[in-house]
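Work through these exercises with the model open beside you. Try each task before you read its solution.

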Amino acid sequence: MKLSGKQIFWLMFSFQFGDMMLVINSPTIQMSKQDAWISHLIATVISLFIVWLAVKIGEADAKSTFLQLSKKLFGNWFGTVIVIVFLLVWISVIPIILIEISNFINTILLPKTNPIIFYISLLLLLIYLTYNGAFQTLGRLSEVFGPIILFSMVLMLLLLIKEYDFKNILPIVADNSFYSIIKGSFIPLSLLGESIILIMLVHFSEDSKKVLKNAIGGVLLSSFLSGAVLLSILLTFGVEISMEMNFSAFNVISYISVLNFIQNLELLAVLVTFLSIFIKLSLYFLLLCHTTAQMVNVKNWKLLSFFYAVPFLLTNFTIPNVSYSLKYFDEFWVKYVLPIYMIAIPIVYYIVIMIRKRFFPFN
Amino acid sequence: MMKKMILILICSSIIMLSSCWDRVELNDRAIWVATGLDLADDGQIEVSGQIVVPQNVAEGGNPGGSGSSESFFVVSAKGDNLYDATSKIQNKLSRETFTGQRLVIYVGEELAKRGVKDVFDNFGRTPIHSLRGDLLIVKGTTAKEAMMLKYPLEDLPAIATLKEHRVSGGRGDQVFLHFLITSNKDGIWPSLPVIEIGSTVEELDEQQQNDINPKILKINGVGLFNKNLQLEGILSNIEKQYMLWIMGLLDNIYISNKDEQMNANMLLQKLKCKITPIVSDDETITFSIQLTAHGIVQENNSSLDLRELENINKFENLFEKIVERKVKQFIEKVQSEYGLDVFGFGEVLHRKEPHVWEKVKDDWKEMFPQIAIDVNCTIKLKEVGLSGPSLLTKDSEEKR
């Protein structure tokens, strides 16, 4: 059993949405002020190109995994090196996601809970998931979580409309240079571009021809929804205070008040974010275990989930605080991971595949 | 079988026993509905809290029981900053304070004059507070004093303040967010509503104050702040309404006129305000303000028959003139006396002429008092009520 088209759609949607809502809003507004929504739009267009690229690379030889494909294209040695780059990115990002989500729940919901509890329960869940169906379960899980996320977010955004003040996004493209708007678009792009993992997902899909359509749909939906969140923040709070907030999406949702009765909806938003980030975490974790196992020739790849869970648990003690993860995002993720991992490597793959196809087609 | 049982037992106990350490029973919470902030003698801050007594808020009056039957009480403590004082308040309370339901923040006039820049940070930092909330300056006395007053109609005085504010046509629970936004923008100066201690019946002396005509809090005007968030001056209630109209935040306003010719009152609804900056060739900036409203005649103590079209026009013109004159006078007063752009003309310029704003941004505070402003008002009379002329006019008088 493999991932169906519908599952790919919801998987891509939930994979991206939660982290985007949590991370990008304030940095984007800091960079491109009231034109942040234009930055977001630009990022969406570029990310569609990345999705297309990723699916085309995956489709070229859907029968082989990413490692096998790399070895075919670049030879045993160099192919492995590129895959190691991918692995390193995933290994570095999983602890960051863990600290982000635990810090976030600590701040908003459960201030007295020791973060190690979140780490242990999340990692246990990940191991459980690996042993119970892995990718297929993840696909089904996102089919369940995706609509919940979509429905509750749309509901909350609708309730927020009466707080909008359209003066907050005026004047359009006047205070900012075009350069800073482009620069601002790198921030949402660095998360939307994570859809590069589609290269590997094509191998796990039922019908590789359906992937492109559904993946584009999922990415567009998550980008549209997180763009709507960004715009709601701008329209409700204005530029000046929203760029100073840590979790502006949650501030704006806690501002909802309907007839003094429907209030404190941010609890729902926390739930939604958690569901979505869990999907992201599991997808990275599964791919990490699966690819590593192939590389080191371990027959039972699920065993590796234990091997990885322990060091990830220990990162709870080694990462000092959340400012580390902010630094990681600014200094490493946007500056190096975005151009190399999400853009340069895929383009090289694509070109090599095109050349290779002309002379020796894949069988 | 045994193994399964043990597994189920362990799993269920994990569900039962875990994740409870963040929970606080409702019975262990002191629900805090209003915060008061005052300047203490030695430069410290005094924080007061209005706390609900749940058993006395029951519907249908106060149930019997020992002790006081008030539905609230006030606690206060001094400290270096807001949280220092709040933690000292906790020493006086048997229950943990819960500020998630806080409705109103009162700021004493003394503290407002000293400046509130270093006071409010906690309200945006603790996740339990929403940015929604009312924020008022207490004129003439301390916030602590104001919070101890009961209000006859409501169980909790904080609710009374919030409702009073909303009914009187203010910004209500959006004030706090509005204050945060305006103190961060370059082209608008912050303003806060003002409340003061008054009496239900006017001009009572101390002896006549009793349960039937108690002291209460009344909304009275608006306070203007400079960019250091220090209170610079207080405007009257009607001026506050003009101000909110210009800012586009007012729902309705009563305008009355009394002279030999006419003694009448009109309710204006659907208030709109369009501000247009006009930049001439030599770069002088003027603003044209276009106020529009729908009018409903409330009172017409004259023989003027409002069934006649020309009388209606006369009525409209008269009130348009009044509004234009008063609003213009008011803006000029703010320009000359305070020099603070509380209306946000700077922001309008920023939105509509961003390139001009870029040049004048840094000198806006000096420029604002000299800006020429042109006010234009259009009132459409929509309803005249149930009678043409006043019912007390004789036929022979009717016309004019």
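**Exercise 1. In which sense do strand β7 (residues 191–199) and β8 of chain B pair, and over how many bridges?**

Before solving, note the ground rules. This is a predicted model, where local features need pLDDT of at least 70, side-chain atom pairs count only at pLDDT 80 or more, and totals for chains, interfaces and linings use all residues. Residues are numbered from 1 along each chain as its sequence is written, chains are lettered from A and ligands numbered from 1 in the order in which they are written, and side-chain values use heavy atoms, with hydrogens and water left out.

Solution.
- Start with the elements: strands (E, at least two residues) and helices (H or I, at least four) are DSSP runs, numbered from the N terminus.
- Apply the pairing rule: two strands pair if DSSP finds at least two bridges between them.
- β7(B) and β8(B) pair in the antiparallel sense, over eight bridges.
- Pick out one bridge: P193(B) has V222(B) in β8(B) as its partner.

**Exercise 2. Follow β8(B) to its other partner and judge its burial.**

Solution.
- β8(B) also pairs with strand β9 (residues 231–235) of chain B, in the antiparallel sense over four bridges.
- V222(B) appears again here: it stands opposite L235(B) in β9(B).
- β8(B) and β9(B) form a hairpin with five residues between them. In the turn, L229(B) has a positive phi of about 60°.
- Now burial. Buried means under 20% relative accessible area, exposed over 50%, partly exposed in between (1.4 Å probe, protein chains only).
- Eight of the eleven residues of β8(B) (residues 215–225) are buried, so the strand is largely enclosed by the rest of the structure.

**Exercise 3. Describe the fold of chain A in numbers.**

Solution.
- Count elements: chain A has 13 helices and zero strands.
- Check the size. The radius of gyration is taken over C-alpha atoms, and the globule rule is 2.2 Å times the number of residues to the power 0.38.
- For 363 residues, a compact globule would come near 21 Å; chain A has 20 Å, which agrees.
- Along its principal axes, the C-alpha trace of chain A spans about 65 × 45 × 35 Å.
- Buried residues make up 58% of the 363 in chain A.
- Contact means heavy atoms within 4.5 Å. Among contacts in chain A between residues at least 6 apart in sequence, 85% join residues at least 24 apart.

**Exercise 4. Is S32(A) buried or exposed?**

Solution.
- Locate S32(A): helix α2 (residues 25–32) of chain A.
- Its relative accessibility is 0%, so S32(A) counts as buried.
- List its contacts, leaving aside neighbours within four places in sequence: S39(A), N176(A), S180(A), I181(A) and G184(A).

**Exercise 5. Place P127(B) and find what it touches.**

Solution.
- P127(B) sits in the loop between α4 (121–125) and β6 (134–139) of chain B.
- At 35% relative accessibility, P127(B) counts as partly exposed.
- Its C-alpha atom is separated by 8.9 Å from that of G100(B), 27 residues apart along the chain.
- Not counting residues up to four places away in sequence, P127(B) touches T107(A) and I108(A).
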